[in-house]
Amino acid sequence: MRTVVVPPVLLLVVAVCQIGLAKAAGLTAWKGGGFGMFSTLDHGAYRGIDVVIEAADRSEAQHIPPSLEEMAARAAAYPSDWLLRRLAEGIVARERRYDRAVAVVKLTVWRTEFDHQTLAATERTLRAFVYRVPNQH
Amino acid sequence: MIARRSLEWFGAAACPPHLETPLRLTAIALLLRPMGPWFVRPAVLAAAAVVLISPRALRTPAMWAAMAALVGVRIADNWPLADNHIYLLAYWTLAIALALGASDLPRHLATMSRGLIGFAFACAVLWKAVLSPDFLDGRFFRVTLLTDPRFTEAAMLIGGLSEADLAANRRALAPLPDGAALADPPAVIEPPRLRVLAVVSTWGIVLLEAAVATLMLAPARLSPVPLRHILLIGFCLVTYAFAPVAGFGWLLLVMGAAQTGEGDVWLRRAYVAAFLVVLFYSEVPWAGILLDLGS
């Protein structure tokens, strides 16, 4: 009879972790197994990441390329150091493939908030992350 | 003893015929929505096909345990992007494996089904009613109906918006940088019918989910069985007419069917019929057809 509790307890443990990560570390309520989908406007459609690439002779904003869209979606859903670093490393690798200099990648994760009366939309920064490319002289 | 228990996981369990229906429907749901990366998807599809073809595989705990593990790998592969029903699918396939390995399969499966639905719905209510800042005040459905393309037809059919209204609203709701404000901001067009739809959706879904959670988690003597099934089927028939996650609806209906007794033939048929209705919801653009007929 003990096995009967295993799946429901597993669900509860994951849900409690998801709530903790959502409240403490910016995980969107829609993801992570806490059953918060359709409960808030703070989800992928209203989150995004701005990318600025810097080097000695350049500083430019870039769109997320298709090859990194999934990694960007993961980082937007949970803007943690490890996911943002992996996204930045992916951007650096791509720049190098095109022989473009890159020393710093600046990532800004934002979400859209809506006024509760007028619904006026504003962007609010969730997390700013700076990745300095190692071994740059 | 351990060796014998291990071998039991690879042998077919004794499964009452009436419980084969929810097991088969679970496999069908897996086939209808292929998921995961290349190293998971073919294995899940193959396992689902095998349990549909082979009555022996259908009753083998190891098959379901393997499917639970594969779904777990799919969740971990691109965490945290998997939808919540993928988690529920992992728990459910694990529950089937454990129930097939248990001495009292019907009771084990029904108990785990009630626990999973009950706690999933309780978490959903907790998020909507307590943890989210923008649900109970109506913002979630107001903005979603105005901007989410998946709800366009509902907003037009029930809310009374035109295509021009929707386009204007999407422009009006484009975000401004933090701290910025327009001198003359465009007004958002919200017909009274749309505001009513947002309020009814907001409170209707919370109350319905709370009722299902309560009935699933309450002790059996306090939870009228017919009401529990009526609410669950009703929830699926209403919600998945609009919510674009048929996979979640199928899973809930399968888990509801697993709570039926041997004599509940008509109830099981109702679950199968509701499973098919959700299938038609997802494959037939019924709201678009109604809109076209209306115009």
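**Entry 1: two positive phi values in chain A**

I began at Phe38(A), which counts as buried because 22 other C-beta atoms lie within 10 Å; the cut-off for buried is 20 or more other C-beta atoms within 10 Å of the residue's own, for exposed it is 12 or fewer, and partly exposed is what falls in between, with C-beta atoms placed from the backbone. The model is a predicted one, in which local features need pLDDT of at least 70 and side-chain atom pairs count only at pLDDT 80 or more, whereas totals for chains, interfaces and linings use all residues. For my own bookkeeping, residues are numbered from 1 along each chain as its sequence is written, while chains are lettered from A and ligands numbered from 1 in the order in which they are written.

The phi of Phe38(A) is near 60°, a positive value in a residue other than glycine, and I placed Phe38(A) in the loop between H1 and strand E1 (47–55) of chain A; helices (H or I, at least four residues) and strands (E, at least two) are DSSP runs numbered from the N terminus. Leu119(A), not a glycine either, has a positive phi of about 70° and sits in the loop between strand E3 (104–114) and strand E4 (121–132) of chain A. Leu119(A) is partly exposed, because 19 other C-beta atoms lie within 10 Å.

**Entry 2: confidence and domains of chain A**

I then looked up pLDDT, the predictor's confidence in each residue on a scale from 0 to 100. Chain A has a mean of 95, with 98% of its residues at 70 or more; among its elements, helix H1 (residues 6–25) has the highest mean, 98, and strand E2 (residues 58–62) the lowest, 93.

The assignment, automatic or from a database, splits chain A into domain 1 (1–40) and domain 2 (41–137). Nine residues of domain 1 of chain A and eleven of domain 2 of chain A take part in the contact, where two residues are in contact if their C-beta atoms, placed from the backbone, lie within 7 Å. The C-alpha centres of these two domains of chain A lie 26 Å apart.

**Entry 3: where chain B meets chain A**

Which element of chain B gives the most to the side that touches chain A? I found H7(B), with twelve residues; the elements giving two or more residues to that side are H6, helix H7 (105–131) and helix H8 (139–147) of chain B. The contact as a whole takes 40 residues from chain B and 39 residues from chain A. By class, the chain B side has 27 nonpolar, six polar and seven charged residues, with Ala, Val, Leu, Ile, Met, Phe, Trp, Tyr, Cys and Pro counted as nonpolar, Asp, Glu, Lys and Arg as charged, and the others, Gly among them, as polar.

Leu116(B) is in contact with residues of both chains, among them Pro7(A), Pro8(A) and Leu11(A) as well as Leu88(B), Trp92(B) and Met255(B), leaving aside its neighbours within four places in sequence. Leu116(B) is also one of the residues with the most contacts inside the largest nonpolar core, which has 103 residues; such a core is a set of buried Ala, Val, Leu, Ile, Met, Phe, Trp, Tyr and Cys residues joined through C-beta atoms within 7 Å. Another core, of 18 residues, lies apart from it and includes Phe140(B) and Leu197(B).

**Entry 4: H5, H6 and the domains of chain B**

Chain B is divided into domain 1 (1–102) and domain 2 (104–175 + 185–258 + 265–295). The contact between them takes 23 residues from domain 1 of chain B and 20 from domain 2 of chain B, and H6(B) gives the most to the domain 1 side, with ten residues.

Within helix H6 (residues 84–100) of chain B I checked Ile96(B), which counts as buried because it has 32 C-beta neighbours inside 10 Å. Ile96(B) touches Leu23(B), Thr26(B), Trp64(B) and Leu109(B), not counting residues up to four places away in sequence.

Trp64(B) is itself among the buried residues of H5(B), which also include Met67(B), Val71(B) and Ile75(B). H6 is one of the helices that cover the buried residues of H5(B), together with helix H3 (41–53) and helix H4 (55–58) of chain B. With its 17 residues, H5(B) reaches 24 Å from first C-alpha to last, close to the 24 Å expected, a span reckoned as 1.5 Å times one less than the number of residues.

Last, I noted Pro80(B) in the loop between helix H5 (61–77) and H6 of chain B: the peptide bond from Trp79(B) to Pro80(B) is cis, with omega near 10°.
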